[in-house]
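Colleague: I am new to this structure, and I would like to understand the reasons behind the terms that are used for it. Could you take me through them one by one?

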Amino acid sequence: MKPTRSLHRCSNCGATATRWAGKCPSCGEWNTLVVDPAKKAAPEARAVALRDVDPHGCRPFPTGVTELDRVLSGGLSAGSVTLLFGEPGVGKSTLVTQILLHVATCGPVALLASAEELSSQVRKRTERLGVVPDSLLVAAVSTVEEIEEAVSRSVPTLTVVDSVQAIFDPDASGSRGSLTQVRACTERLARLAHDSGSAVFVVGHVTKDGDIAGPRTLEHMVDTVVSLEGDRHHSLRFLRALKHRFGPTGDVGILEMRESGLSSVDDPGALLLEDRKVDVPGSTVVPVLDGRRPLLVEIQALTSAAPGYAASSNPSRAGGRRSAQGIDARRLECLLAVLDRRAGVHLGDSDVFVSVTGGVRLSEPAADLALALALYSSAADVAVPEGIAAFGEVGLAGEVRQVPGSARRLAECARLGFTSAVVPESTPKDTYGIDLLRVSTLKEAVELVGAVSLVERRTPEFATTICSW
Ligand code: TYD
Ligand code: MG
């Protein structure tokens, strides 16, 4: 008889391990791993010659949402588990409904295991998005066992579970939506995908504050993790694969939420700049590289040095208030310090508000220079002239550093009608007709923008400023 190994389960987070350890490898708690009497680890798999394995065994099938198929290098693979996560209201249920509609319309059985909405609600949304085919099935479920049952009865090619936080595994401890429950359910769904051959697509919510019971804790159990991001007050949505066992990650899918569901955007860059008001102090444009796609994004800053306002609103705080939307608040603090110490732009006591338009979130260091210039532009009350973009990383010494992909960024600037760009000194020559305003420090960039703005305004101070610079 083949020996079977005991499975150990962490009583704190629900993670499993085939060996006992003093410290749970997942949550780091001590002495929480105990033998799970109900479960035995699977016996060793039989080895086969690699040459006998069908290389096309995991060929993906398209989801019909072109941008998602691009991010997933073709679509979903049979027997795989994909986790789609995003904040509530971002459009996860809409996206999965479109996928279910496409797959079922092509013929195969597609099953929605809905734990959040009634079947009648599901039907209403689905009818809004297309003609409901016969092979699209819905099961109102509340436990993972009911999903297993529905899959074994209907043998779907695609099974969508909406959402993992709303289902329950009676064999596991904890309350619905808890870390232990979400882990246990995901593990069972992964086993279900593997055993049934159905591609399982699991929806999960994350909150703004973090990812409790979210993607990071489930990443190792699933084949693919896709995030759907965007501000629900704006229409743009971004799809990213954070993990993908069957292809590369890093590409981004851009969608727009419309009355008729999520659809591809032909020109997201132009869309983001559509309502931009030029000649307003505090506004800059940065070409960011999201995955391989360049995107022109507007950063807005508003600095207010109302004396005593910040102090009176929060007497315990020495400096002004800071508010950042779409930008990491720590990065903003850091750039304010660099502006203060290296470029002579003092905003310590001012209230500072920054936001990225269109609900985009910037994480690239390449956005540093444009953000710093937006802050300067607002503080000095000089508008960055129309047609100038900026990119570059800003170091703590106030130096402006080279960033990857400058050619692609400049090409996108040129495509959207920009004529100049403030760029790091060492930017390669390939300019796409863009006039390069090279700077090696943030101080130089600040002075340059100040001077160029004065030229635009044709003020008499220009001569003095340009001379001192
Ligand atoms: P939903 O997919 O339910 O979000 P999630 O499952 O992530 O919580 O949809 C969120 C919003 O999208 C909701 O406010 C309504 C809107 N919406 C549209 O704008 N167009 C549509 O076609 C659909 C179905 C929804
Ligand atoms: Mg939903």
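Modeller: What follows is a set of questions and answers on this model, which is predicted.

Colleague: Let us begin with the ligand; how do you know which residues surround ligand 1?

Modeller: A residue is counted when one of its heavy atoms lies within 4 Å of the ligand, and 16 residues surround ligand 1 on that basis, the closest being Gly89, Lys92, Ser93, Thr94 and Arg258. By class, this shell holds 4 nonpolar, 6 polar and 6 charged residues.

Colleague: What makes the approach of Val90 to ligand 1 a polar contact?

Modeller: The cut-off for a pair of N or O atoms is 3.5 Å, and a polar backbone atom of Val90 is 3.3 Å from an oxygen atom of ligand 1, so the pair falls within the limit. The same reasoning holds for Gly91, where a backbone N or O atom lies 3.0 Å from an oxygen atom of ligand 1, and for Glu259, where the distance from a polar backbone atom to a ligand oxygen is 2.9 Å.

Colleague: How much of ligand 1 does the protein bury, and which elements give two or more residues to the shell?

Modeller: Ligand 1 taken alone exposes 550 Å², and the protein buries 72% of that area. The elements that give two or more residues to the shell are helix H2 (92-105), helix H3 (119-129) and strand S11 (252-258).

Colleague: Why is the sheet of 9 strands called open?

Modeller: Its order is S6-S5-S7-S8-S4-S9-S10-S11-S12, with mixed pairing, and strand S6 (136-140) and strand S12 (261-264) stand at the edges with a single partner strand each, so one side of each is left without a neighbour in the sheet. From one strand to the next, the twist averages 25°.

Colleague: What makes strand S10 and S11 a pair?

Modeller: Two strands pair if there are at least two bridges between them, and strand S10 (residues 236-244) has 5 bridges with S11 in the antiparallel sense, so the requirement is met. Within this pair, Leu236 stands opposite Glu256 in S11.

Colleague: How do you know that H2 packs on this sheet?

Modeller: Contact is taken as heavy atoms within 4.5 Å, and H2 touches several strands of the sheet, among them strand S4 (81-86), strand S8 (199-205) and strand S9 (224-229), while its direction makes about 160° with that of S7.

Colleague: Which strands stand at the edges of the sheet of 3 strands, and why is one side of each without a neighbour?

Modeller: This open sheet has the order S17-S20-S21 with parallel pairing, and strand S17 (388-390) and strand S21 (435-439) are the edge strands, each with a single partner, so one side of each lacks a neighbour in the sheet. Strand S20 (residues 420-424) is joined to S21 by 5 bridges, and Ala421 has Leu436 as its bridge partner in S21. Helix H10 (residues 368-380) lies across S17, S20 and S21, running at about 120° to S17.

Colleague: What makes the peptide bond between Asp162 and Ser163 worth a remark, and where does Ser163 lie?

Modeller: That bond is cis, with omega at about 0°, and Ser163 is placed in the loop between strand S7 (158-162) and helix H5 (179-196).

Note on methods: Residues numbered from 1 in each chain as written. Chains lettered and ligands numbered in written order. Predicted model: local features only at pLDDT ≥ 70, side-chain atom pairs only at ≥ 80, totals over all residues. Heavy atoms only, no water. Polar contact = N/O pair within 3.5 Å; in protein donor to acceptor, adjacent residues only side chain to side chain. Areas by Shrake-Rupley, 256 points an atom, 1.4 Å probe, with all protein chains shown as cover. Helix = DSSP H or I, 4+ residues; strand = E, 2+ residues; numbered from the N terminus. Nonpolar A, V, L, I, M, F, W, Y, C, P; charged D, E, K, R; others polar. Axes fitted to C-alpha atoms, helices over the stretch in contact; angles between N-to-C directions.
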